[in-house]
Amino acid sequence: MRPYILAVVTVVGAATGHVIPRAASNQTYPYQNVSLCLEARVDDLMSRMMLEEKAGQMFHARTFIEVGAQNDTLDGDLNPETTEDITEKAITHYVLSGAIDDARETARYLNTIQRVARSTRLGIPLTISVDPQHGVSNQTAVSFVGRAFSRWPDPMGFAALRAPEYTRKYAEVVREEYLAMGIRQGLHPQIDLATQPRWGRLNAVFSESSELTSILGVEWIKGLQGEQLGRTSVIATAKHFPGGGPMEDGNDSHFAWGKNQTYPGDNREEHLKPFKAAIAAGAAQMMPYYSRPIGTDWEEVAFGFNRGVVTDLLKNELGFDGIVVTDWNIVQSRPWGVEDLSEVERTRRVIEAGCDVFGGAEGFPDTIVGLVRNGTISEERIDYSVRKLMREKFIMGLFDNPYVDEDAAATTVANAYFTRLGKEFQRRTFTLLTNDGILPLPYSARSARFYVEGIDEETLADYSISVVDTPEEADYALLRLRSPFEPTTLTGPLGEINNGTLEYSDEEKARQAHIYNTVPTIVDIKFNRPPAVPEIMDQASAFLASFASDSDAFLDVIFNINGWEPEGKLPLEVPRSQAAAEAQFPDVAFDSVDPLFEFGHGLRYSDACHPNQCKRRRV
């Protein structure tokens, strides 16, 4: 067996001042022997790990590509914070934060920090994760538009197609592209239910239906991991246990004012169904949400601190034996329900709840070491989590070869086939809600004059669309709108999480009405949340829902170019008004009174009719 070359350095444990010795050059250990069985390798590694090294494994920190710092050295200037976390805190799990824009550069960066990890005493390899990267639109707190990747619809788009095999295919492409760059964990799928139409994270869920969500969640997990976790797998992280959908007043628990999760319809079991399916499918990791449950028999503390939810329910009752990773920064930033405790006590609560990994930028293994040294937490409890984490790395082959071919990354990611598939699915997921017969536009209409909003100029030029400045000059109007949106009071990425009313303002309604009354108008709304827009249903010539798509996909669909037409069926109800949404139980599906559109609604071009005739058709 080829010996591993390990650097001779020392690291001082921050909590105890204990010196962590490093291995001598050319030293090898039994756990590095690929011919040994899995459990023997794990046993040998665990027997050699110091408490400080074990504590470091229980953190899933952040890393960033430093612009202009790409190199193959181990001198630490690549990313000083990450290098320090690896060599001094023994942290080996990282989320690569931000959008990934270059496959080769990313592969080079990940290879380089893997070499840093190889230089440590035990050479424990890194597990690299990412938030969703394959979308056309993003919420920068929780997902990104990675320009390096092929680009696909949001999960709700796959639910609109009602074809599980499409979701599996998508997840398999994601796996291939991640693997090529050295990314071995996806912080997805999000299998929460869209029972609260006002919740600001619906763009990443599948559906209001627990049955449909369960089916598609399983396909996503199997597409990432394969039939079982192995050397060609990407870890699936199902979230947010026990279901993050039923948020009080539609707020989000990233924020203190949105920390409560409620079940006025006594419908907890419905939200557990997708997670039960994920467990049966072999999901390797689970993530509890920030929220704290209110008005139930669960303790009113956030799920990551909640032993009744993590240990009693998830592990003991449902039988999950994988890894539980907390949502990001719960100890320092979002300790809902335990705000009065010290960070040391919060750390103890997370471990005693049954979580295995602390997610986020926070990395404080010295606190865990201190809890063990003073007898508050047993080392056996730490071993329980670390053994699972190390076993996962062995199963995935990371100890044997954590590196990737940088040239292959450049040719695999967003290759012509993956890119074409993504574009095709963007087109297929459009959902036609109303049509007075205007769609599809005839080929001859491409020579008409268009008033346009929400389509980039380059695409309009590519399609030879003649654009005018006002509706009065136009023969048709094309409006691509975002769902009604009200940013949070915070600046930065979290401000992108949708909040507020599902209706457009009176000023915006009047502005749009002028267009509808002036010229035949085709409206497309990106469904971040279901928009309560009866005025559009009544006044626009055609109304489409989309779930993340580029402008060329929209134009191909409305002109029926190459036969493209809407194929989607709504994956959730659309309430008629904000008041109707407020009257719904946040934990109950399909309880909107007189919805604007029902679950399953969706027309084809052959169904052309007046909106008042088409709007309620069920499929």
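Why does Asn260 count as buried? The legends below take up this residue and other sites in a predicted model.

**View 1. Asn260 and its surroundings in strand 8.**
Asn260 lies in strand 8, which covers residues 260-262. Because its relative accessibility is 15%, where buried means under 20%, Asn260 counts as buried. The side chain of Asn260 is joined to the side chain of Arg292 by a polar contact of 2.7 Å. Once neighbours within four places in sequence are left aside, Arg292 appears again among the residues in contact with Asn260, together with Met247, Glu248 and Ile294.

**View 2. Helix 9, its ends and what covers it.**
Helix 9 runs over residues 307-317, and its buried residues are Val309, Val310, Thr311, Leu313, Leu314 and Lys315. The cover over these buried residues includes strand 7 (235-241), strand 9 (285-288) and strand 11 (323-324), and also helix 8 (268-280), helix 10 (343-353) and helix 12 (379-395). At the N-terminal end of helix 9, Asn306 acts as a cap, with a side-chain oxygen 3.2 Å from the backbone nitrogen of Gly308. Just after helix 9, Gly319 takes a positive phi of about 80°.

**View 3. The largest cavity.**
The structure holds 3 cavities of 30 Å³ or more, and the largest cavity contains about 240 Å³ of space. Its lining is made up of 22 residues, of which Pro132, Ser143, Asp154, Pro155 and Ala204 are the closest to the centre of the cavity. Sorted by class, the lining of the largest cavity has 11 nonpolar residues, 8 polar residues and 3 charged residues.

**View 4. The second largest cavity.**
A volume of about 100 Å³ belongs to the second largest cavity. Of its 12 lining residues, the closest to the centre are Glu53, Ile86, Ala90, Thr120 and Ile124. Helix 2 (51-57) and helix 3 (80-89) each supply at least two residues of this lining, which divides into 5 nonpolar, 4 polar and 3 charged residues.

**View 5. The two domains and the contact between them.**
The protein is divided into domain 1, residues 30-416, and domain 2, which is assigned as 430-487 + 498-583. Taken over C-alpha atoms, the centres of domain 1 and domain 2 are separated by 36 Å. Where the two domains meet, 25 residues of domain 1 are in contact with 24 residues of domain 2.

**View 6. Arg529 in the loop before helix 17.**
Arg529 is placed in the loop between strand 17 (521-526) and helix 17 (534-539). Because its relative accessible area is 1%, Arg529 is buried. Not counting residues up to four places away in sequence, Arg529 touches Pro197, Arg198, Trp199, Gly200 and Leu202, as well as Ser483, Pro484, Asn498, Asn499, Gly500, Thr501 and Leu502. Pro484 also takes part through its backbone oxygen, which lies 3.2 Å from a polar atom of the side chain of Arg529. As a reference for a wider view, the C-alpha atoms of Arg529 and Asn111 are separated by 39 Å, and these two residues are 418 residues apart along the chain.

**View 7. Arg480 in strand 16.**
Arg480 is found in strand 16, which comprises residues 476-482. Arg480 counts as buried because its relative accessibility is 14%. A polar contact of 2.7 Å joins the side chain of Arg480 to that of Ser549. Leaving aside neighbours within four places in sequence, Arg480 is in contact with Phe430, Glu453, Gly454, Ile455 and Asp524, and also with Ser546, Ser549, Asp550, Ser551 and Phe554.

**View 8. Asp587 in the loop after helix 19.**
Asp587 sits in the loop between helix 19 (578-583) and helix 20 (611-614). Although it belongs to a loop, Asp587 counts as buried because its relative accessibility is 0%. Apart from residues up to four places away in sequence, the residues that Asp587 touches are Thr195, Pro246, Thr262, Tyr263, Pro264, Gly265, Asp266, Asn267 and His271. One of these, Thr262, falls in strand 8 (residues 260-262), where Asn260 of the opening view is also placed. Between Asp587 and Trp336, which are 251 residues apart in sequence, the distance in space is 20 Å from C-alpha to C-alpha.

How values were computed. Residues numbered from 1 in each chain as written. Predicted model: local features only at pLDDT ≥ 70, side-chain atom pairs only at ≥ 80, totals over all residues. Heavy atoms only, no water. Helix = DSSP H or I, 4+ residues; strand = E, 2+ residues; numbered from the N terminus. Buried < 20%, exposed > 50% of the residue type's maximum accessible area, 1.4 Å probe, protein only. Polar contact = N/O pair within 3.5 Å; in protein donor to acceptor, adjacent residues only side chain to side chain. Contact = heavy atoms within 4.5 Å. 1 Å grid on protein atoms, 1.4 Å probe; cavity = no way out; pocket = protein on both sides within 12 Å on 5 of 7 lines; lining within 4 Å. Points joined across faces, edges and corners; volume = space filled by probe spheres on them. Nonpolar A, V, L, I, M, F, W, Y, C, P; charged D, E, K, R; others polar. Domains from an automatic or database assignment.
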